[in-house]
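Visitor: I would like to know how the labels used for a structure are justified. Can you take me through some of them?

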Amino acid sequence: MNVIRRENPTFPDRIVGEVYETSVADVDAIVQRSDEAFRVWSRLSLDQRCQALAAAADLVTPELYDEIAALMCAEVGKPLPDSRGEAMYSVSLLRFNIDQAAKVLATHVIDDAAGKLVRTRVPFGVVLAITPWNAPIVLSMLKVAPALVAGNSIIVKPSPQAPLAVTKLLEAIASGLPNGLLQVVHGGPEAGDAFVTHPLVRKIAFTGGDVVARHIGVSAARMITPTVMELGGNDAAIFLEDAVLDEAALDRIALATFMMGGQVCMASKRIYVHRSRYDEFVAGFVAACEHSVIVGDPMMEGVTVGPVVSRAAQERLERLVADSITAGGQVIDVGTITDEAVVAGGYFVRPRVVLNLPDDAQLVCEEQFGPLVPIQAYDDIEEVIARANATELGLAGSVWSADEDRAFEVAQRIESGYVFINTHNRTGMTPRAPFGGVKKSGFGREYGDEGLLDYTQNVSIHAAAAYRPGGSGGSANAYPGTS
Ligand code: NAD
């Protein structure tokens, strides 16, 4: 059996742990087991399922959260409090889905002169979740929670770059559920392909990059398997002339940009500031980074930014800096380094801002997924909206203004699935708001009612009035509503 070993990106000579790679030969048995579990689970009432899931959520104890947080911190370099926060938030999302289920999945009945129509939501069957490494637990739970509440079974394949913490958490929850209902498997493209093309997989929920998304999308289309695609973004944060630039706001945008080393799908990835406030913004942003972007060993108290995920990511980001200099940008180091020796030895990238880049520079037009950000000046609102929308990506964005109504007006013209007002990234999320991309950032939604509905299909049962007992009858080939 092949083993996947995960190195620690802070101390690359240390192995954090390992998991067994799922063999392609085992894929069929795993999916069959999932399908058997689905058949039993989906026959339970919604209330029975919710009770079982609530009890399973309680199996994640405070001690387990500590263990999971330490694992995630070591395997992806996410600071310890953020890692613990992600695990706890994830379980709260399971509880959120349980709480919403009765309302969102309710059966609707119309019984009137036109006939009787019953509309129900039914599960798909076996769901396959394929998730990335940057928020391994929450991005898995956003699929696990609604899928199970709605009556599906689920197989989760996390990234080989972050397999450990998510496995620990999901296995704890799975231990309280029927056998085979929630399974975690491991592997890269080979195992992934075998799951994606299995005929009993009825729905695929993918979060990751566009290259893998296109590959999975083609295979899924051949199988006529529906997908949810949560892909990358190139979020614009737009500061209007009247934006409040106090310390709290600047701290928010600094961390929205650099938390998790900028490796967040909805991080602020391009900052646009009205020219009249540009110098003030740059000075304030650099000052905010000095006390809020603290780079070092993510296990150490006070550190807010750890390493990037791999040597390859580190090298790609340094090439991006070199390209930005060639393109004429002015590069400024930001943040505070706590321990030069640790930073020199791990996969760290110095957080940097780049000023005055042309709009066709790589750092402006592509998702950087790292701690580098362009800060661009603009003169006119029409101009900045056009520049913000001049991308194939449309995940999120933000508008900052002292005038909330004005901010909402501008927000409605941003081509993104989610627009934050006066904040950006994690702080602007709410479980009640559906999240997902427009354009090439994907389709389908997570969170909110839609995030649960996406794991169900509508079934309509209809008795047309004419053919109900005592009905008027009618011609045997009539179109509805005609006699
Ligand atoms: P990735 O696309 O490289 O990998 C994602 C997952 O796909 C991993 O589990 C990987 O093992 C798996 N995979 C690779 N080849 C496969 C195949 N042939 N069949 C099946 N599975 C396969 O992405 P990544 O590097 O892990 O994550 C970074 C990307 O994810 C960024 O673009 C980021 O913006 C995006 N992202 C999006 C969201 C969102 O909610 N929209 C959230 C987080 C990250």
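**Contacts, burial and a helix**

Guide: We start at the ligand of this predicted model. A backbone N or O atom of Leu231 lies 2.7 Å from a nitrogen atom of the ligand.

Visitor: What makes the approach of Leu231 to the ligand a polar contact?

Guide: A polar contact is a pair of N or O atoms within 3.5 Å. Leu231 and the ligand supply such a pair at 2.7 Å, so the label applies. Asp193 has a polar side-chain atom 3.1 Å from a nitrogen atom of the ligand, and a polar backbone atom of Gly208 is 3.3 Å from an oxygen atom of the ligand.

Visitor: Why is Cys50 called buried?

Guide: The cut-off is under 20% relative accessible area. Cys50 has 9%, so Cys50 is buried. Cys73, at 1%, also counts as buried.

Visitor: How many disulfides does the structure hold?

Guide: The structure holds 0 disulfides. A pair of cysteine sulfur atoms within 2.5 Å would be needed for the label.

Visitor: Why are the buried residues of α11 said to line one face of the helix?

Guide: In α11, Ala313, Gln314, Leu317, Leu320, Val321 and Ser324 are buried. Seen down the axis of α11, these buried residues fall within an arc of 120 degrees, so they line one face. An α-helix has 3.6 residues a turn, so residues three or four places apart point the same way.

Visitor: What does the buried side of α11 pack against, and which exposed residues does the face turned away from it carry?

Guide: The buried residues pack against β13, β15, α13 and β16. The face turned away carries Ala312, Arg319 and Thr326.

Methods: Residues numbered from 1 in each chain as written. Predicted model: local features only at pLDDT ≥ 70, side-chain atom pairs only at ≥ 80, totals over all residues. Heavy atoms only, no water. Buried < 20%, exposed > 50% of the residue type's maximum accessible area, 1.4 Å probe, protein only. Helix = DSSP H or I, 4+ residues; strand = E, 2+ residues; numbered from the N terminus. Arc of directions from axis to C-beta. Contact = heavy atoms within 4.5 Å. Polar contact = N/O pair within 3.5 Å; in protein donor to acceptor, adjacent residues only side chain to side chain.
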